[in-house]
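Biologist: I've just opened this one and don't know my way around yet. Could you walk me through it while I ask questions?

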Amino acid sequence: MKWEDLQTSENIEDRRGEPGGGMMGGAGGGGIGLGTIVVLGVIGWALGINPSLLIGGADMLSRMGGGGRQVERQETQREASKPTDQMGQFVAKVMGSNEQVWSQVLPQQEGVAFRAPRLVLFDGVTNSRCGTAQSAMGPFYCPIDQKIYLDTSFFRDMKQRFGGGGDFAYAYVISHEMGHHIENLLGILPKVQRAQARAGSRAEANNLSVRVELMADCLAGVWANNGNARQRFLEEGDIEKAVASAQAIGDDRLQRAQGGRVVPDSFTHGSSAQRTEWLLRGLKSGKVDDCNTFNR
C-alpha cells in the first residue's frame, strides 16, 4: 500500500508513553461477572473489537438481562497531537484518507454530514467514556465520545497469531473502526443498541452484533474503493492480504483455533466467509447502500 502521500489526519491523540495510559478508576453499580469480563476480553482481543464497548459499555450485557446500569466515565479533553514515529504516521495517514473519502461520500450518497472522530493511540491501557480501554480488547470505537482506540501492538499480534498483516490489512482494521463511526452518524448504532435491549435471546442479540460488524467490514471496503479511485494507493497483493486478515478473524475460524466446536448462535462478528464477502462487496461497489446487512 502506498500510504506516504495520503492526507494526514489532524484528529489523532497520541497517549503513548503516558503513565498508566491515563486510566481512570473502575465503574460502580450493577456490573457484569468476572467470567463475562474474561470472555469478553479474549473475544475482543481476537476479533479486534470489544462488542460490548461498541454499544456503550460492558455493563450493557447485564442490563440486557434486566439488571445493572450503564456508567459513563468522564475524561479530560486532550489536544490532538501528531505522531512522529512511522507507525503513528501511518495511522494518521489512513485516518486522513478516511476523512477525505467520507467527507465526500457520506453527503453525496446518504445526505448526511460527516464529522470526523478522533483516533487515540495508547500503550496497554487508557480511559474512554465507554470504560477502560485495554490492548487485550483490540481496537474499538466508542460511540459515546466518538473516538477510535488503538494500541498498535495489535498489528504485531495480528501478524504473528492470526496470519494477517501488511499495510493494507492494518488500514482495513482502522477503516473498520471508522465504519462503526459511519454507522453511528447514520443512526444505526443507537437503533441496534435498543434492539439488543429488547432481544428475546442472546442469539438474537448476537445476530444484531454480527450485522453491525459485517457492515463495518463493507464500509471499510467502500473507503478503499473510493480512496483508491482518487489516489491509487493499492498495490499488487494488498487486497489478498486484507482478505486473509478478514478470514483469520472470522468467528468460526477462531472457535476452531481455540479447540472448540463452531457455534453460529454465539457469533458476534460473522464467519470468515461472511467477513470476506462483505469486505469485497464494499471494495467492488464503493456504495454505502450496498452495505445494508440488515436487509439481507
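Biologist: Let's start with contacts in the protein chain between residues at least 6 apart in sequence: what percentage join residues at least 24 apart?

Modeller: Keep in mind that this is a predicted model. Contact here means heavy atoms within 4.5 Å. Among contacts between residues at least 6 apart, the share that joins residues at least 24 apart is 78%.

Biologist: And how much of the protein chain counts as buried?

Modeller: The chain has 11 helices and 6 strands, and its accessible surface comes to about 12,600 Å², with 48% of that belonging to carbon and sulfur atoms. A residue goes down as buried when its relative accessible area is under 20%. Of the 296 residues, the buried part is 54%.

Biologist: Which helix gives the most to the largest nonpolar core?

Modeller: In soluble globular proteins, nonpolar side chains tend to be buried together. Here the largest nonpolar core has 52 residues, and those with the most contacts inside it include M1, F90, W102 and L119. Several elements supply at least two residues each, among them α4 (86-110), β2 (118-121), α6 (167-185) and α11. With 11 residues, the top contributor is α8.

Biologist: I174 has a lot of contacts in that core; which residue of the 150s does I174 touch, leaving out those up to four places away in sequence?

Modeller: I174 is listed with the residues that have the most contacts inside the largest core. Leaving out sequence neighbours up to four places away, I174 touches F90, V91, V94 and M95, and also L119 and L150. The remaining partner on that list is F155.

Biologist: How many residues are in the second, separate core?

Modeller: Look for V120, A133, F140 and Y149, which are among its members. The count for this second core is 7 residues.

Biologist: F140 and Y149 form an aromatic pair, so is it stacked or edge-to-face?

Modeller: Both F140 and Y149 count as buried, because each has 0% relative accessibility. Their ring centres are 5.1 Å apart and the planes differ by 15°. Planes under 30 degrees apart put a pair in one class and planes over 60 in another, so this pair is stacked.

Biologist: Which residue joins W223 and F233 in a cluster of ring pairs?

Modeller: W223 and F233 are a stacked pair, because their centres are 5.3 Å apart and their planes are at 15°. W223 lies in helix α8, while F233 is in the loop between α8 and α9 (238-248), 10 residues apart. W223 is buried at a relative accessible area of 1%, and F233 is buried at 1% too. Ring pairs link these two into a cluster with F168.

Biologist: Which residue has its charged end over the ring of W278?

Modeller: For a charge to sit over a ring, the CZ of an Arg has to be within 6 Å of the ring centre. Over W278, the distance to the centre is 4.1 Å. The charged end there belongs to R281.

Biologist: W278 is also touched by T293; is T293 buried or exposed?

Modeller: T293 is found in the segment after α11 (272-285). Besides W278, T293 touches R211, L214 and M215, not counting residues up to four places away in sequence. Its relative accessibility is 4%, and therefore T293 counts as buried.

Biologist: Last one: which residue in β4 stands opposite V125?

Modeller: Strand β3 (residues 125-128) and strand β4 (residues 131-134) pair in the antiparallel sense over 4 bridges. A hairpin joins β3 to β4 through 2 residues. Opposite V125 you'll find Q134.

Note on methods: Residues numbered from 1 in each chain as written. Predicted model: local features only at pLDDT ≥ 70, side-chain atom pairs only at ≥ 80, totals over all residues. Heavy atoms only, no water. Pairing = 2+ DSSP bridges. Buried < 20%, exposed > 50% of the residue type's maximum accessible area, 1.4 Å probe, protein only. Core = buried A, V, L, I, M, F, W, Y, C linked by side-chain atoms within 4.5 Å. Areas by Shrake-Rupley, 256 points an atom, 1.4 Å probe, with all protein chains shown as cover. Phe/Tyr/Trp six-rings, centres within 6.5 Å; stacked < 30°, edge-to-face > 60°. Lys NZ or Arg CZ within 6 Å of the ring centre and 35° of its normal.
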